[in-house]
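Please read the report below alongside the sequence and the coordinates, since it moves from backbone features to side-chain pairs and refers to individual residues throughout.

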Amino acid sequence: MTRIFVDSDACPVKNEVYRVASRYNLHVFIVSNSMLLVPQSPLIEQVVVEAGPDVADDWIAERVSDGDIVITADIPLAARCVEKGAYVLEPKGRILDSDAIGMALAIRNLMTDLRSAGLMTPGGSTFGKADRSRFLSALDTLVIKAQKPRLRPLTFPRE
C-alpha cells in the first residue's frame, strides 16, 4: 500500500496532500520537529521528532519503502528515498526520480560550495499559484503510478 511521507516543517502544500490522500485513501505521515495543525483523520499521522539537523529526514529515510511517495525540497533526503525506490516530489511540482536526482544533487552541492566560498547565489523563486497547481497534478499522477504494479527486470542465475 502506497504511503505519503511529508517533510513538513516548511512545506507549503500540506493541504493539497491531505486532499489527494483523502481521495485515494492513502496514509500520510506529517513529519516535523514541532507540533503542527493537522486535520483529525485516521489517514493522517503526525510524527514529531526531536529537534536537530536531519532528524526528520532520518525518520523518513528509515521508514520509506518502494512505491511510497515523499514530499520534500531537501535534495539529500530525496536522493536517499529515490535509492529505496520511493517517488519524490518537490512542493513546486518537480518529480525527482533516478534520472533527475544526480543532477539535482550536483547543482545543490555546487551552490553550497559557492556560498561557502562567499559568493552570492540567487535564491529560489517565490511559491505561487502555478506551483501549487503543478504540484497537485504531479502528486495525482504519482499516486496513480505508485498504485500500479511495477515491472521488475528479469534476473537470471549466474552459472
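## Two loop residues with positive phi

In this predicted model, Asn-25 is found in the loop between helix 1 and strand 2, the strand that covers 27-32. The backbone of Asn-25 has a positive phi of about 60°, although the residue is not a glycine. With a relative accessibility of 46%, Asn-25 counts as partly exposed, because that value falls between the 20% limit for buried and the 50% limit for exposed.

A second residue with a positive phi is Asp-54, where the angle is about 65° and the residue is again not a glycine. Asp-54 lies in the loop between strand 3 (44-48) and helix 2 (55-63). The relative accessibility of Asp-54 is 45%, and Asp-54 therefore counts as partly exposed.

## Overall architecture

The chain that carries these loops has five helices and six strands. Taken in sequence order, these elements follow the pattern β-α-β-β-α-β-α-β-β-α-α.

Of the 159 residues in the chain, 38% count as buried, and the area that the chain exposes is about 9,700 Å², of which carbon and sulfur atoms supply 56%. When contacts in the chain are restricted to residues at least 6 apart in sequence, 49% of them join residues at least 24 apart.

## The aromatic cluster

How many aromatic pairs does the model contain by the ring-centre rule? The count comes to three. One of them is formed by Phe-5 and Trp-59, with 6.2 Å from centre to centre and 55° between the planes, a geometry that makes the pair tilted. Since Phe-5 belongs to strand 1 (residues 3-7) and Trp-59 to helix 2, this pair ties together parts that are 54 residues apart in sequence. Phe-5 counts as buried at 0% relative accessibility, and Trp-59 also counts as buried, at 15%.

Trp-59 is paired with Phe-29 as well: the ring centres are 5.7 Å apart and the planes stand at 55°, so this pair is tilted. Phe-29 lies in strand 2 while Trp-59 lies in helix 2, so the pair ties together parts that are 30 residues apart in sequence. Phe-29 is buried, its relative accessible area being 10%. Ring pairs thus link Phe-5, Phe-29 and Trp-59 into a cluster, and the classification of the two pairs as tilted rests on an angle that is neither under 30 degrees, as for stacked rings, nor over 60, as for edge-to-face rings.

## A salt bridge between distant helices

A search of the whole structure finds seven salt bridges. Among them is the one between Glu-16 and Arg-132, in which the closest N and O atoms are 2.9 Å apart. This pair links distant parts of the chain, given that Glu-16 is in helix 1 (residues 14-24) and Arg-132 is in helix 5 (residues 129-147), 116 residues apart.

Are the two partners of this bridge buried or exposed, or does each fall in between? Glu-16 has a relative accessibility of 5% and therefore counts as buried, whereas Arg-132, with a relative accessible area of 31%, is partly exposed.

## Salt bridges between residues a few positions apart

Another salt bridge joins the side chains of Asp-131 and Arg-134, with an N to O distance of 2.5 Å. Both of these residues lie in helix 5, three residues apart, a spacing of about one turn of the helix. Asp-131 is buried, with a relative accessible area of 10%, while Arg-134 counts as partly exposed at 42% relative accessibility.

The side chains of Glu-62 and Arg-63 also meet in a salt bridge, at 3.5 Å from N to O, a distance that counts because the cut-off for such a contact is 4 Å. Glu-62 has a relative accessible area of 56% and is exposed, because the limit for that class is 50%. Its partner Arg-63, at 36% relative accessibility, counts as partly exposed.

Definitions and conventions
Residues numbered from 1 in each chain as written. Predicted model: local features only at pLDDT ≥ 70, side-chain atom pairs only at ≥ 80, totals over all residues. Heavy atoms only, no water. Helix = DSSP H or I, 4+ residues; strand = E, 2+ residues; numbered from the N terminus. Buried < 20%, exposed > 50% of the residue type's maximum accessible area, 1.4 Å probe, protein only. Contact = heavy atoms within 4.5 Å. Areas by Shrake-Rupley, 256 points an atom, 1.4 Å probe, with all protein chains shown as cover. Phe/Tyr/Trp six-rings, centres within 6.5 Å; stacked < 30°, edge-to-face > 60°.
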